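Open the model in your viewer and keep the selection panel at hand. The stops below say what to select next and what is there.

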Amino acid sequence: KYDAWHKEILNQFGTTFNENMKTFYTAISAARRKLEKINFSGASSSDVTQFITEIQEIKRQSNVWTNDIEKFRNAQKLLDRQRYHPPSDWLYLEQVDGEWNTFRQISLRKIAQMENEMPSIQAQILSDEQVQTEKLKEIEELWRTQRPYSGEILPNVALETLNTIDQRLNRVKEAYSRICKAKELLDLEPGDMRRIETLEEEVEGLKNVWTELNKVWSLVDSLKDTPITAAVPKKMTQIFTDAAQLLNDFPSRLKQYEAYERMKERLNNHKKMSNLIIELKIDAMKQHHWKKLLDRLKLQISYNELQIGHLWDANLLKYENVIKDIVNVARGEFVLEGMLTGIKEYWGAFELELARYQNKCKLIKGWDDLFAKIDEDLNNLSSMKMSPYYKTFESEIVQWDDKLQKTRIIFDIWIDVQRRW
(Lines give C-alpha, C1' and ligand atoms only; values in the text may rest on other atoms or scores of the structure.)
Protein backbone atom coordinates (compact mmCIF):
# COMPACT_ATOMS: atom_id res chain seq x y z
CA LYS A 1 0.00 0.00 0.00
CA TYR A 2 2.88 2.40 0.80
CA ASP A 3 4.37 1.80 -2.64
CA ALA A 4 1.05 2.71 -4.27
CA TRP A 5 0.85 5.99 -2.31
CA HIS A 6 4.46 6.77 -3.09
CA LYS A 7 3.91 6.21 -6.80
CA GLU A 8 0.72 8.31 -6.87
CA ILE A 9 2.36 11.21 -5.01
CA LEU A 10 5.44 11.01 -7.21
CA ASN A 11 3.35 11.03 -10.39
CA GLN A 12 1.30 14.01 -9.16
CA PHE A 13 4.47 15.91 -8.26
CA GLY A 14 5.99 15.09 -11.65
CA THR A 15 2.91 16.27 -13.51
CA THR A 16 2.79 19.58 -11.59
CA PHE A 17 6.53 20.05 -12.04
CA ASN A 18 6.28 19.46 -15.81
CA GLU A 19 3.37 21.93 -16.18
CA ASN A 20 5.21 24.64 -14.23
CA MET A 21 8.37 24.10 -16.28
CA LYS A 22 6.40 24.40 -19.51
CA THR A 23 4.84 27.64 -18.30
CA PHE A 24 8.26 28.94 -17.31
CA TYR A 25 9.77 27.89 -20.63
CA THR A 26 6.99 29.65 -22.57
CA ALA A 27 7.48 32.87 -20.54
CA ILE A 28 11.26 33.09 -20.98
CA SER A 29 10.97 32.17 -24.68
CA ALA A 30 8.50 35.03 -25.20
CA ALA A 31 10.77 37.39 -23.25
CA ARG A 32 13.75 36.28 -25.37
CA ARG A 33 11.86 36.99 -28.60
CA LYS A 34 10.91 40.45 -27.33
CA LEU A 35 14.53 41.21 -26.48
CA GLU A 36 15.71 40.03 -29.89
CA LYS A 37 13.41 42.56 -31.57
CA ILE A 38 14.71 45.51 -29.54
CA ASN A 39 16.92 47.87 -31.51
CA PHE A 40 17.54 51.38 -30.18
CA SER A 41 19.20 52.63 -33.36
CA GLY A 42 16.85 55.12 -35.05
CA ALA A 43 13.95 54.13 -32.78
CA SER A 44 11.07 56.56 -32.33
CA SER A 45 9.93 57.78 -28.92
CA SER A 46 7.10 55.29 -29.10
CA ASP A 47 9.54 52.43 -29.76
CA VAL A 48 11.98 53.65 -27.12
CA THR A 49 9.23 53.81 -24.53
CA GLN A 50 8.11 50.32 -25.42
CA PHE A 51 11.67 48.93 -25.46
CA ILE A 52 12.66 50.47 -22.13
CA THR A 53 9.40 49.39 -20.51
CA GLU A 54 9.90 45.84 -21.74
CA ILE A 55 13.53 45.73 -20.57
CA GLN A 56 12.62 47.10 -17.14
CA GLU A 57 9.78 44.63 -16.82
CA ILE A 58 11.99 41.74 -17.92
CA LYS A 59 14.68 42.84 -15.44
CA ARG A 60 12.15 42.74 -12.61
CA GLN A 61 10.82 39.40 -13.78
CA SER A 62 14.33 37.96 -14.10
CA ASN A 63 14.75 38.04 -10.31
CA VAL A 64 11.67 35.86 -9.93
CA TRP A 65 12.74 33.59 -12.77
CA THR A 66 16.23 33.11 -11.22
CA ASN A 67 14.57 31.68 -8.12
CA ASP A 68 12.25 29.57 -10.29
CA ILE A 69 15.11 27.94 -12.23
CA GLU A 70 16.84 26.98 -8.97
CA LYS A 71 13.63 25.38 -7.73
CA PHE A 72 13.32 23.44 -10.98
CA ARG A 73 16.91 22.15 -10.65
CA ASN A 74 16.31 20.99 -7.08
CA ALA A 75 13.01 19.39 -8.07
CA GLN A 76 14.73 17.54 -10.93
CA LYS A 77 17.32 16.17 -8.51
CA LEU A 78 14.53 14.96 -6.25
CA LEU A 79 12.78 13.19 -9.12
CA ASP A 80 16.09 11.61 -10.20
CA ARG A 81 16.67 10.24 -6.69
CA GLN A 82 13.16 8.77 -6.69
CA ARG A 83 13.85 7.15 -10.06
CA TYR A 84 10.88 8.94 -11.66
CA HIS A 85 10.04 7.80 -15.17
CA PRO A 86 8.86 10.86 -17.16
CA PRO A 87 6.00 10.62 -19.66
CA SER A 88 6.47 11.06 -23.44
CA ASP A 89 5.60 14.78 -23.39
CA TRP A 90 8.17 15.55 -20.70
CA LEU A 91 10.10 18.83 -20.97
CA TYR A 92 13.66 18.09 -19.90
CA LEU A 93 15.51 20.49 -17.63
CA GLU A 94 18.41 20.61 -20.10
CA GLN A 95 16.08 22.30 -22.65
CA VAL A 96 14.87 24.81 -20.05
CA ASP A 97 18.43 25.52 -18.91
CA GLY A 98 19.50 26.10 -22.50
CA GLU A 99 16.64 28.54 -23.12
CA TRP A 100 17.34 30.26 -19.80
CA ASN A 101 21.02 30.75 -20.57
CA THR A 102 20.19 32.13 -24.02
CA PHE A 103 17.67 34.51 -22.46
CA ARG A 104 20.20 35.68 -19.85
CA GLN A 105 22.87 36.38 -22.46
CA ILE A 106 20.50 38.39 -24.68
CA SER A 107 19.08 40.21 -21.64
CA LEU A 108 22.51 41.30 -20.42
CA ARG A 109 23.50 42.35 -23.93
CA LYS A 110 20.36 44.47 -24.44
CA ILE A 111 20.72 46.11 -21.03
CA ALA A 112 24.31 46.96 -21.83
CA GLN A 113 23.27 48.28 -25.24
CA MET A 114 20.62 50.46 -23.61
CA GLU A 115 23.15 51.89 -21.15
CA ASN A 116 25.70 52.52 -23.90
CA GLU A 117 23.20 54.28 -26.13
CA MET A 118 21.50 56.17 -23.31
CA PRO A 119 22.82 59.62 -24.37
CA SER A 120 21.60 59.23 -27.95
CA ILE A 121 18.30 57.77 -26.72
CA GLN A 122 17.79 60.75 -24.42
CA ALA A 123 18.64 63.14 -27.25
CA GLN A 124 16.13 61.39 -29.52
CA ILE A 125 13.40 61.65 -26.90
CA LEU A 126 14.07 65.38 -26.38
CA SER A 127 14.04 65.91 -30.15
CA ASP A 128 10.71 64.10 -30.45
CA GLU A 129 9.36 66.22 -27.62
CA GLN A 130 10.32 69.39 -29.50
CA VAL A 131 8.53 68.12 -32.63
CA GLN A 132 5.35 67.46 -30.67
CA THR A 133 5.63 70.84 -28.94
CA GLU A 134 5.71 72.54 -32.36
CA LYS A 135 2.69 70.54 -33.47
CA LEU A 136 0.89 71.60 -30.29
CA LYS A 137 1.70 75.27 -31.06
CA GLU A 138 0.17 74.83 -34.52
CA ILE A 139 -2.99 73.35 -33.00
CA GLU A 140 -3.17 76.18 -30.44
CA GLU A 141 -2.91 78.73 -33.26
CA LEU A 142 -5.56 76.88 -35.24
CA TRP A 143 -7.75 76.89 -32.14
CA ARG A 144 -7.19 80.61 -31.61
CA THR A 145 -8.13 81.54 -35.18
CA GLN A 146 -10.72 78.94 -36.21
CA ARG A 147 -12.53 77.71 -33.11
CA PRO A 148 -16.30 77.98 -33.68
CA TYR A 149 -17.03 79.99 -30.58
CA SER A 150 -19.32 82.79 -31.73
CA GLY A 151 -22.02 80.61 -33.28
CA GLU A 152 -22.00 82.37 -36.65
CA ILE A 153 -21.72 79.05 -38.48
CA LEU A 154 -24.02 76.05 -38.67
CA PRO A 155 -23.61 73.25 -36.10
CA ASN A 156 -22.52 70.59 -38.60
CA VAL A 157 -19.75 72.88 -39.90
CA ALA A 158 -18.68 73.72 -36.34
CA LEU A 159 -18.54 70.02 -35.40
CA GLU A 160 -16.49 69.23 -38.48
CA THR A 161 -13.94 71.88 -37.48
CA LEU A 162 -13.91 70.67 -33.87
CA ASN A 163 -13.47 67.04 -34.90
CA THR A 164 -10.49 67.98 -37.09
CA ILE A 165 -8.85 69.85 -34.20
CA ASP A 166 -9.73 67.07 -31.76
CA GLN A 167 -8.18 64.38 -33.96
CA ARG A 168 -4.94 66.34 -34.33
CA LEU A 169 -4.85 67.04 -30.60
CA ASN A 170 -5.39 63.36 -29.77
CA ARG A 171 -2.49 62.33 -31.99
CA VAL A 172 -0.22 64.86 -30.27
CA LYS A 173 -1.51 63.78 -26.85
CA GLU A 174 -0.78 60.10 -27.54
CA ALA A 175 2.72 60.89 -28.82
CA TYR A 176 3.46 63.26 -25.94
CA SER A 177 2.19 60.75 -23.38
CA ARG A 178 4.66 58.20 -24.71
CA ILE A 179 7.43 60.80 -24.55
CA CYS A 180 6.55 61.62 -20.92
CA LYS A 181 6.64 57.92 -20.07
CA ALA A 182 10.01 57.54 -21.81
CA LYS A 183 11.41 60.58 -19.97
CA GLU A 184 10.27 59.12 -16.69
CA LEU A 185 12.00 55.81 -17.48
CA LEU A 186 15.17 57.65 -18.57
CA ASP A 187 15.22 59.85 -15.43
CA LEU A 188 14.79 63.01 -17.51
CA GLU A 189 12.85 66.08 -16.41
CA PRO A 190 9.17 65.09 -16.50
CA GLY A 191 7.05 66.35 -19.38
CA ASP A 192 4.11 68.70 -18.75
CA MET A 193 0.74 67.58 -20.11
CA ARG A 194 -1.18 70.55 -18.69
CA ARG A 195 -1.20 72.58 -21.94
CA ILE A 196 -2.66 69.65 -23.83
CA GLU A 197 -5.19 68.86 -21.09
CA THR A 198 -6.34 72.49 -20.89
CA LEU A 199 -6.84 72.69 -24.65
CA GLU A 200 -8.55 69.29 -24.61
CA GLU A 201 -11.05 70.54 -22.01
CA GLU A 202 -11.84 73.61 -24.11
CA VAL A 203 -12.35 71.55 -27.27
CA GLU A 204 -14.51 69.02 -25.42
CA GLY A 205 -16.62 71.81 -23.90
CA LEU A 206 -17.33 73.35 -27.31
CA LYS A 207 -18.00 69.93 -28.83
CA ASN A 208 -20.59 69.27 -26.15
CA VAL A 209 -22.46 72.51 -26.78
CA TRP A 210 -22.34 72.16 -30.58
CA THR A 211 -23.48 68.54 -30.39
CA GLU A 212 -26.56 69.62 -28.44
CA LEU A 213 -27.11 72.63 -30.72
CA ASN A 214 -26.94 70.30 -33.70
CA LYS A 215 -29.88 68.33 -32.28
CA VAL A 216 -31.88 71.57 -32.12
CA TRP A 217 -30.88 72.73 -35.60
CA SER A 218 -31.52 69.30 -37.14
CA LEU A 219 -35.20 69.71 -36.26
CA VAL A 220 -35.40 73.07 -38.01
CA ASP A 221 -33.19 72.00 -40.92
CA SER A 222 -35.56 69.09 -41.65
CA LEU A 223 -37.95 71.71 -43.11
CA LYS A 224 -35.39 73.14 -45.51
CA ASP A 225 -36.03 70.83 -48.46
CA THR A 226 -39.81 70.84 -48.07
CA PRO A 227 -41.56 72.16 -51.23
CA ILE A 228 -43.77 75.17 -50.54
CA THR A 229 -46.64 73.32 -52.15
CA ALA A 230 -46.28 70.55 -49.51
CA ALA A 231 -45.56 72.77 -46.48
CA VAL A 232 -47.96 72.19 -43.58
CA PRO A 233 -48.27 75.26 -41.29
CA LYS A 234 -49.22 73.18 -38.24
CA LYS A 235 -46.14 70.97 -38.64
CA MET A 236 -43.87 73.99 -39.11
CA THR A 237 -45.20 75.60 -35.94
CA GLN A 238 -44.76 72.36 -33.95
CA ILE A 239 -41.15 71.91 -35.09
CA PHE A 240 -40.19 75.39 -33.90
CA THR A 241 -41.99 74.79 -30.61
CA ASP A 242 -40.05 71.54 -30.08
CA ALA A 243 -36.75 73.17 -31.04
CA ALA A 244 -37.31 76.06 -28.62
CA GLN A 245 -38.12 73.58 -25.84
CA LEU A 246 -34.94 71.60 -26.51
CA LEU A 247 -32.91 74.79 -26.38
CA ASN A 248 -34.59 75.90 -23.18
CA ASP A 249 -33.79 72.55 -21.51
CA PHE A 250 -30.02 72.99 -21.96
CA PRO A 251 -28.01 72.72 -18.70
CA SER A 252 -26.68 76.00 -17.33
CA ARG A 253 -23.06 75.20 -18.24
CA LEU A 254 -24.00 75.06 -21.95
CA LYS A 255 -26.09 78.21 -21.82
CA GLN A 256 -22.97 80.20 -20.91
CA TYR A 257 -21.51 79.77 -24.41
CA GLU A 258 -21.97 82.50 -27.00
CA ALA A 259 -22.94 79.81 -29.52
CA TYR A 260 -26.05 79.11 -27.41
CA GLU A 261 -27.17 82.74 -27.57
CA ARG A 262 -26.49 82.88 -31.30
CA MET A 263 -28.57 79.77 -31.86
CA LYS A 264 -31.45 81.39 -29.96
CA GLU A 265 -31.23 84.36 -32.33
CA ARG A 266 -30.99 82.10 -35.39
CA LEU A 267 -33.95 80.03 -34.22
CA ASN A 268 -35.99 83.15 -33.55
CA ASN A 269 -35.21 84.60 -36.99
CA HIS A 270 -36.14 81.38 -38.76
CA LYS A 271 -39.32 81.16 -36.73
CA LYS A 272 -40.26 84.69 -37.85
CA MET A 273 -39.47 83.80 -41.47
CA SER A 274 -41.54 80.64 -41.16
CA ASN A 275 -44.45 82.67 -39.78
CA LEU A 276 -44.22 84.83 -42.91
CA ILE A 277 -44.26 81.65 -45.02
CA ILE A 278 -47.37 80.50 -43.14
CA GLU A 279 -48.96 83.85 -43.99
CA LEU A 280 -48.20 83.16 -47.63
CA LYS A 281 -49.81 79.72 -47.41
CA ILE A 282 -53.35 81.05 -47.87
CA ASP A 283 -55.84 80.19 -50.59
CA ALA A 284 -55.78 83.80 -51.77
CA MET A 285 -52.15 83.49 -52.95
CA LYS A 286 -52.31 82.57 -56.63
CA GLN A 287 -49.53 81.79 -59.08
CA HIS A 288 -49.18 85.41 -60.23
CA HIS A 289 -48.80 86.57 -56.62
CA TRP A 290 -46.00 84.06 -56.03
CA LYS A 291 -44.31 85.12 -59.25
CA LYS A 292 -44.38 88.74 -58.16
CA LEU A 293 -42.92 87.78 -54.76
CA LEU A 294 -40.14 85.67 -56.28
CA ASP A 295 -39.23 88.52 -58.61
CA ARG A 296 -38.93 90.86 -55.63
CA LEU A 297 -36.81 88.27 -53.79
CA LYS A 298 -34.62 87.89 -56.91
CA LEU A 299 -35.15 84.11 -56.90
CA GLN A 300 -34.78 82.52 -60.34
CA ILE A 301 -37.06 79.58 -59.62
CA SER A 302 -40.63 78.58 -60.35
CA TYR A 303 -43.34 78.26 -57.71
CA ASN A 304 -43.56 74.48 -58.21
CA GLU A 305 -39.81 74.12 -57.54
CA LEU A 306 -39.76 76.52 -54.60
CA GLN A 307 -38.67 75.10 -51.22
CA ILE A 308 -38.73 76.55 -47.71
CA GLY A 309 -34.91 76.72 -47.72
CA HIS A 310 -34.96 79.03 -50.76
CA LEU A 311 -37.07 81.53 -48.85
CA TRP A 312 -34.88 81.25 -45.73
CA ASP A 313 -31.76 81.87 -47.79
CA ALA A 314 -33.39 84.96 -49.32
CA ASN A 315 -33.76 86.37 -45.77
CA LEU A 316 -37.51 86.99 -45.79
CA LEU A 317 -37.30 89.34 -42.81
CA LYS A 318 -35.80 92.01 -45.11
CA TYR A 319 -38.91 91.76 -47.29
CA GLU A 320 -41.54 91.63 -44.54
CA ASN A 321 -43.35 94.75 -45.79
CA VAL A 322 -43.26 93.49 -49.38
CA ILE A 323 -44.79 90.20 -48.26
CA LYS A 324 -47.51 91.90 -46.26
CA ASP A 325 -48.39 94.12 -49.24
CA ILE A 326 -48.60 91.13 -51.60
CA VAL A 327 -50.69 89.15 -49.09
CA ASN A 328 -53.07 92.11 -48.63
CA VAL A 329 -53.48 92.42 -52.39
CA ALA A 330 -54.07 88.68 -52.67
CA ARG A 331 -56.72 88.78 -49.95
CA GLY A 332 -58.45 91.76 -51.51
CA GLU A 333 -58.46 90.11 -54.94
CA PHE A 334 -59.66 86.88 -53.35
CA VAL A 335 -62.73 88.67 -52.00
CA LEU A 336 -63.52 90.17 -55.41
CA GLU A 337 -62.87 86.84 -57.10
CA GLY A 338 -65.27 85.13 -54.68
CA MET A 339 -68.02 87.69 -55.31
CA LEU A 340 -67.52 87.53 -59.09
CA THR A 341 -67.46 83.72 -59.05
CA GLY A 342 -70.73 83.71 -57.10
CA ILE A 343 -72.38 85.97 -59.70
CA LYS A 344 -71.08 83.90 -62.63
CA GLU A 345 -72.12 80.59 -61.10
CA TYR A 346 -75.60 81.82 -60.18
CA TRP A 347 -76.47 83.38 -63.54
CA GLY A 348 -74.67 80.68 -65.45
CA ALA A 349 -77.04 78.10 -63.98
CA PHE A 350 -80.10 80.39 -63.76
CA GLU A 351 -83.44 79.25 -65.14
CA LEU A 352 -86.69 81.24 -65.15
CA GLU A 353 -89.51 79.93 -62.97
CA LEU A 354 -92.55 79.60 -65.24
CA ALA A 355 -96.25 78.90 -64.54
CA ARG A 356 -98.96 77.81 -67.06
CA TYR A 357 -101.67 80.42 -67.69
CA GLN A 358 -105.15 79.18 -68.76
CA ASN A 359 -103.58 76.45 -70.83
CA LYS A 360 -102.63 79.12 -73.32
CA CYS A 361 -99.06 80.07 -72.38
CA LYS A 362 -96.51 80.23 -69.58
CA LEU A 363 -95.81 83.29 -67.42
CA ILE A 364 -92.74 84.16 -65.32
CA LYS A 365 -93.18 83.78 -61.55
CA GLY A 366 -91.21 85.28 -58.63
CA TRP A 367 -90.58 88.69 -60.10
CA ASP A 368 -89.82 90.26 -56.70
CA ASP A 369 -87.04 87.76 -55.90
CA LEU A 370 -85.71 87.99 -59.44
CA PHE A 371 -85.41 91.78 -59.38
CA ALA A 372 -83.96 91.70 -55.82
CA LYS A 373 -81.22 89.29 -56.91
CA ILE A 374 -80.31 91.13 -60.12
CA ASP A 375 -80.24 94.48 -58.27
CA GLU A 376 -78.06 92.99 -55.52
CA ASP A 377 -75.55 91.67 -58.04
CA LEU A 378 -75.52 94.96 -59.98
CA ASN A 379 -74.80 96.78 -56.73
CA ASN A 380 -72.00 94.31 -55.94
CA LEU A 381 -70.49 94.87 -59.38
CA SER A 382 -70.65 98.63 -58.83
CA SER A 383 -68.90 98.29 -55.45
CA MET A 384 -66.19 96.14 -57.09
CA LYS A 385 -65.42 99.04 -59.43
CA MET A 386 -64.57 101.12 -56.36
CA SER A 387 -62.12 98.49 -55.02
CA PRO A 388 -58.35 99.14 -55.33
CA TYR A 389 -58.09 95.60 -56.75
CA TYR A 390 -60.62 96.25 -59.53
CA LYS A 391 -58.04 96.36 -62.34
CA THR A 392 -57.28 92.63 -62.04
CA PHE A 393 -60.92 91.72 -62.83
CA GLU A 394 -61.89 94.80 -64.86
CA SER A 395 -62.79 93.01 -68.08
CA GLU A 396 -64.94 90.40 -66.33
CA ILE A 397 -66.70 92.94 -64.11
CA VAL A 398 -67.50 95.20 -67.05
CA GLN A 399 -68.73 92.23 -69.07
CA TRP A 400 -71.02 90.96 -66.32
CA ASP A 401 -72.24 94.44 -65.44
CA ASP A 402 -73.23 94.92 -69.10
CA LYS A 403 -74.94 91.51 -69.20
CA LEU A 404 -76.95 92.12 -66.02
CA GLN A 405 -77.88 95.70 -67.04
CA LYS A 406 -79.27 94.41 -70.32
CA THR A 407 -80.99 91.53 -68.55
CA ARG A 408 -82.56 94.07 -66.14
CA ILE A 409 -83.95 96.09 -69.04
CA ILE A 410 -85.32 92.96 -70.70
CA PHE A 411 -87.01 91.91 -67.46
CA ASP A 412 -88.55 95.42 -67.03
CA ILE A 413 -90.09 95.17 -70.51
CA TRP A 414 -91.15 91.58 -69.96
CA ILE A 415 -92.99 92.25 -66.67
CA ASP A 416 -94.75 95.25 -68.28
CA VAL A 417 -95.93 93.10 -71.19
CA GLN A 418 -96.99 90.30 -68.85
CA ARG A 419 -99.06 92.71 -66.73
CA ARG A 420 -100.84 94.22 -69.76
CA TRP A 421 -101.73 90.96 -71.38
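Select Asp-377 and Trp-347 and show their side chains: in this predicted model, the two side chains make a polar contact at 2.7 Å. Asp-377 lies in helix H13, which covers residues 367–385. Is Asp-377 buried or exposed? Its relative accessibility is 2%, and the limit for buried is under 20%, so Asp-377 counts as buried. Apart from neighbours within four places in sequence, Asp-377 is in contact with Ile-343, Trp-347 and Leu-404.

Leu-404 leads to the next stop, since it is one of the buried residues of H14. Select residues 394–420 to see helix H14. Its 27 residues should span 39 Å at 1.5 Å a residue, and its end C-alpha atoms are 39 Å apart, so the expected and modelled spans agree. Now colour the buried residues of H14: Ile-397, Trp-400, Asp-401, Leu-404, Phe-411, Ile-415 and Gln-418. In an α-helix, residues three or four places apart point the same way, because there are 3.6 residues a turn. To see what covers the buried residues of H14, add helix H12 (320–348), strand S2 (361–364) and helix H13 (367–385), which are among the covering elements.

Stay on H14 and pick Asp-412, which lies in this helix. With a relative accessible area of 36%, Asp-412 is partly exposed. Draw a distance from its C-alpha atom to that of Leu-381: the separation is 20 Å, for residues 31 apart along the chain.

Next, select residues 194–221, helix H6. This helix has 28 residues and reaches 39 Å from its first C-alpha to its last, close to the 40 Å expected at 1.5 Å a residue. Which residues of H6 are buried? They are Ile-196, Leu-199, Val-203, Gly-205, Leu-206, Lys-207, Val-209, Trp-210, Leu-213, Val-216, Trp-217 and Val-220. Show their surroundings by adding helix H4 (118–146), helix H5 (155–185), H7, helix H8 (252–255), helix H9 (258–280) and helix H11 (308–313); the buried residues of H6 pack against these helices.

Follow the chain out of H6 to Thr-226, in the loop between H6 and H7. At 19% relative accessibility, Thr-226 counts as buried, because the limit is under 20%. Not counting residues up to four places away in sequence, Thr-226 touches Ala-231, Gln-307 and Ile-308.

Two loop residues come next, both picked for their backbone angles. Most residues other than glycine have a negative phi. Lys-298, in contrast, has a positive phi, near 60°, and is not a glycine. Find Lys-298 in the loop between helix H10 (287–296) and H11. Its relative accessible area is 64%, so Lys-298 is exposed. Asn-315 also has a positive phi, of about 60°, although it is not a glycine. Look for Asn-315 in the loop between H11 and H12. At 31% relative accessibility, Asn-315 counts as partly exposed.

Then move to helix H3 (residues 93–116) and select Met-114. At 6% relative accessibility, Met-114 counts as buried. What does Met-114 touch, not counting residues up to four places away in sequence? The list is Phe-40, Ile-52, Ile-55 and Ile-121. For Ile-55, draw the C-alpha to C-alpha distance: Met-114 and Ile-55 are 9.1 Å apart in space and 59 residues apart in sequence.

Finally, zoom out to the whole protein chain. There are 14 helices and 2 strands. The C-alpha atoms fill a box of roughly 155 × 65 × 35 Å along the principal axes. A compact globule of 421 residues would have a radius of gyration near 22 Å, but this chain has 47 Å. Buried residues make up 37% of the 421 residues. Among contacts between residues at least 6 apart in sequence, 77% join residues at least 24 apart. The accessible surface comes to about 25,500 Å², and 49% of it belongs to carbon and sulfur atoms.

Colour by pLDDT as the last step. The mean for the protein chain is 88, and 98% of its residues reach 70 or more. Where is confidence lowest, and where is it highest? Strand S1 (residues 354–357) is lowest, at a mean of 82, and helix H7 (residues 233–248) is highest, at 93.

Conventions:
Residues are numbered from 1 along each chain as its sequence is written. This is a predicted model: local features need pLDDT of at least 70, side-chain atom pairs count only at pLDDT 80 or more; totals for chains, interfaces and linings use all residues. Side-chain values use heavy atoms; hydrogens and water are left out. pLDDT is the predictor's confidence in each residue, from 0 to 100. Helices (H or I, at least four residues) and strands (E, at least two) are DSSP runs, numbered from the N terminus. The expected span of a helix is 1.5 Å times one less than its number of residues. Buried means under 20% relative accessible area, exposed over 50%, partly exposed in between (1.4 Å probe, protein chains only). Contact means heavy atoms within 4.5 Å. The radius of gyration is taken over C-alpha atoms; the globule rule is 2.2 Å times the number of residues to the power 0.38. Accessible areas come from the Shrake-Rupley method with a 1.4 Å probe; for residues, only the protein chains shown count as cover. A polar contact is a pair of N or O atoms within 3.5 Å; within protein, one must be able to donate a hydrogen and the other to accept it, and residues adjacent in sequence count only if both atoms are side-chain atoms.
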